[in-house]
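Subject: Structure for your review

Dear colleague,

Please find below the structure that I am handing over to you. A description of what was found in it follows.

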Amino acid sequence: MEKVCIVGASGKLGQYMVQHSLNRGFHVIGVCREQSVGKLERFKDRITLIPGMTNDREVIKEAVAGCDGVLTVLVPWGMDNYSSGTAQAVMDLAEPNARIIFSCGWHISRDGQDKYSWKIKFLVNVGGWIAKKLRLVDLDDQVEACRRIFASDTHWTVVRGSDLEEGESQGLPFWSEHVGDPILESNLTRRTDFALFMVDALENGDLIQKAPAIVGSQTPSAIAYKHVT
Ligand SMILES: NC(=O)c1ccc[n+]([C@@H]2O[C@H](COP(=O)([O-])OP(=O)(O)OC[C@H]3O[C@@H](n4cnc5c(N)ncnc54)[C@H](OP(=O)(O)O)[C@@H]3O)[C@@H](O)[C@H]2O)c1
């Protein structure tokens, strides 16, 4: 991996991904909204920044050109199909054999085999409904984005993040195929390690066309079940 594009580079996850990518010696192209360019000030001499909306196909076309990897933060903001527009642009315009990695949450299910706690169901159903009524967030569009990714024959990985916390890295998270698997029970990952998993996935061929659900490697469930699953 030499040249990597980070779509949504200015957010919390995005900034960690920039740092991990630079640590690995990758040449980084970042895409972020015009008004967020300042959040990447500390990286300005080390990355190439292309300001613009992440669902703008012209912006994405320029940003992904020549990249062997694309890391995309999928967010369900607004009511303009932002997530699905972003995912579609990346899938259509990335180099043919590029590794393309997307972030989302546990609520996304690839095969319907995930088993969710009442808390997650409540947050997604009730919280998601309220946020949609307020026209702030459209979780259905993130679901649609992932449906399109799962149906594509590109070299995708969809990384499904648990609840997140800040703090020092605890190393690469563990993962499992389905929410509800015992190793994931702790439902907590450091945000920097979520980013680490995304960057590491670029060079992990075993994750091609997989949707790993992740959990912090130092959480109780990860420690208890790491030899079992
Ligand atoms: N938060 C959690 O607990 C959690 C849990 C599991 C998984 N995840 C996943 O982790 C990823 C990152 O989530 P995060 O919560 O940690 O947030 P984050 O990294 O801070 O990312 C938020 C992103 O949304 C963009 N954004 C904010 N407001 C926007 C708007 N009105 N219109 C368009 N874009 C907007 C931000 O861009 P600007 O920098 O331009 O504002 C940034 O790129 C997502 O894929 C999410 O599904 C999050």
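A residue counts as buried if 20 or more other C-beta atoms lie within 10 Å of its own, as exposed if 12 or fewer do, and as partly exposed in between. Q209 has 14 C-beta neighbours inside 10 Å and therefore counts as partly exposed. Please bear in mind throughout that this is a predicted model.

Two residues with positive phi

Most residues other than glycine have a negative phi. Q209 is not a glycine, yet its phi is positive, at about 60°. Q209 is found in the loop that runs between α6 (191–201) and β10 (213–215). R135, also a residue other than glycine, has a positive phi near 60°. The loop that holds R135 lies between α4 (118–133) and α5 (139–151). Is R135 buried or exposed? R135 counts as exposed, because it has 9 C-beta neighbours inside 10 Å.

Strand β1 and its partners

Strand β1 covers residues 3–7, and 4 of these 5 residues are buried, so the strand is largely enclosed by the rest of the structure. Which strands pair with β1? One of its partners is strand β2 (residues 27–32), which pairs with β1 in the parallel sense over 5 bridges. Within this pairing, V7 has V31 in β2 as its bridge partner. Between β1 and β2 the chain passes through helix α1 (residues 12–23), and this β-α-β crossover is right-handed. Strand β4 (residues 69–73) is also joined to β1, by 4 bridges, and the two strands run parallel. Here V7 stands opposite T72. V7 is thus matched with V31 in β2 and with T72 in β4.

The loop after β4

V75 belongs to the loop between β4 and α3 (82–93). It has 19 C-beta neighbours inside 10 Å and so counts as partly exposed; the cut-off for a buried residue is 20 or more. Which residues does V75 contact, leaving aside its neighbours within four places in sequence? They are G8, Y82 and S83. In addition, the C-alpha atoms of V75 and Q142 are separated by 6.8 Å, although these residues are 67 places apart along the chain.

Two pairs of packed helices

Helix α1, which links β1 to β2, also packs against α6. The axes of α1 and α6 are 8 Å apart and the angle between them is about 55°. This angle makes α1 oblique to α6, because oblique angles are those that count neither as roughly parallel or antiparallel nor as roughly perpendicular. The crossing of these two helices is right-handed. On the α1 side, K12, L13, Y16, M17, H20 and S21 take part; on the α6 side they meet R191, T192, F194, A195, L196, M198 and V199.

The second pair consists of helix α2 (residues 57–64) and α3, whose axes come within 9 Å and cross at roughly 45°. That angle makes α2 oblique to α3. The crossing of α2 and α3 is right-handed. R57, I60, K61 and V64 in α2 meet A89, V90 and L93 in α3.

When you open the model, I suggest that you begin with V7, with its partners V31 in β2 and T72 in β4, and then follow the chain from β1 through α1 to β2.

Yours sincerely,
A colleague

Notes. Residues are numbered from 1 along each chain as its sequence is written. This is a predicted model: local features need pLDDT of at least 70, side-chain atom pairs count only at pLDDT 80 or more; totals for chains, interfaces and linings use all residues. Two strands pair if DSSP finds at least two bridges between them. A crossover is right-handed if, with the strands pointing away from the viewer, the path from the first strand over the helix to the second runs clockwise. Two residues are in contact if their C-beta atoms, placed from the backbone, lie within 7 Å. Axes are lines fitted to C-alpha atoms, for helices over the stretch in contact, and angles run from 0 to 180 degrees between N-to-C directions. Angles under 35 degrees count as roughly parallel, over 145 as roughly antiparallel, 65 to 115 as roughly perpendicular and the rest as oblique. A crossing is left-handed if the near helix is turned anticlockwise from the far one by less than a right angle, and right-handed if clockwise.
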